[in-house]
Amino acid sequence: FFLPPGILFFYGFARLWARARHHRAWTDLSHLGGGQDSLTRRYHLRTARWQEVLGHLFLVFGMAANGVLLAWALHWWKA
């Protein structure tokens, strides 16, 4: 109950960022001769990019939610 609402967005960001790192690692390994074709490499690269973008959106929404809650609490406390 006492956790800020943005903590859920932060965990979503961390999970998506970890998945994006995993896909980036597969892309890097395919460049070393891991046997993946270019179609699989492009899939991993595209997936990593979208997960990074979505992860950043989660982080921004979480920070905004915490900022709004803080502004509301400060306004309520001052009044």
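This passage describes the salt bridge, the aromatic pairs and a nonpolar surface patch of the structure. The model is predicted.

The count of salt bridges comes to one. Its partners are Glu-52 and Arg-24. Their closest N and O atoms are 3.1 Å apart. The pair joins distant parts of the chain. Arg-24 belongs to helix 1 (residues 6-31), and Glu-52 to helix 2 (residues 38-78). The two residues are 28 residues apart.

The two partners fall into separate accessibility classes. Glu-52 has a relative accessible area of 18%. Buried means under 20%, so Glu-52 counts as buried. Arg-24 has a relative accessible area of 29%. This value lies between the limits of 20% and 50%, so Arg-24 is partly exposed.

The surroundings of Glu-52 were also examined. Neighbours within four places in sequence were left aside. Glu-52 is then in contact with Trp-17, Ala-20 and Arg-24. Arg-24 thus appears both as a contact and as the salt-bridge partner of Glu-52. Trp-17, another of these contacts, is part of an aromatic cluster.

That cluster consists of Phe-10, Tyr-11, Phe-13 and Trp-17. In the model, the count of aromatic pairs comes to six. One of the pairs is formed by Phe-9 and Phe-58. Their ring centres are 5.8 Å apart. Their planes stand at 80°. Planes over 60 degrees apart count as edge-to-face, so this pair is edge-to-face. Like the salt bridge, which links helix 1 and helix 2, the ring pair links distant parts of the chain. Phe-9 is in helix 1 and Phe-58 in helix 2, 49 residues apart. Phe-9 is partly exposed, with a relative accessible area of 29%. Phe-58 is partly exposed as well, at 27%.

A nonpolar patch lies on the surface. Its members are Trp-50, Val-53, Leu-54, Leu-57, Val-60 and Phe-61. Together they have about 610 Å² of accessible area. Trp-50 is located in helix 2. Its relative accessibility is 60%. Exposed means over 50%, so Trp-50 counts as exposed. Glu-52, also in helix 2, is buried at 18%. Helix 2 therefore holds both an exposed residue, Trp-50, and a buried one, Glu-52.

Technical notes: Residues are numbered from 1 along each chain as its sequence is written. This is a predicted model: local features need pLDDT of at least 70, side-chain atom pairs count only at pLDDT 80 or more; totals for chains, interfaces and linings use all residues. Side-chain values use heavy atoms; hydrogens and water are left out. A salt bridge is a side-chain nitrogen of Lys or Arg within 4 Å of a carboxyl oxygen of Asp or Glu. Helices (H or I, at least four residues) and strands (E, at least two) are DSSP runs, numbered from the N terminus. Buried means under 20% relative accessible area, exposed over 50%, partly exposed in between (1.4 Å probe, protein chains only). Patches are made of residues with over 30% relative accessible area and no salt bridge: like charges are joined within 9 Å, nonpolar side chains (Val, Leu, Ile, Met, Phe, Trp, Tyr) within 5 Å. Accessible areas come from the Shrake-Rupley method with a 1.4 Å probe; for residues, only the protein chains shown count as cover. Rings of Phe, Tyr and Trp (its six-membered ring) pair if their centres lie within 6.5 Å; planes under 30 degrees apart count as stacked, over 60 as edge-to-face and the rest as tilted. Contact means heavy atoms within 4.5 Å.
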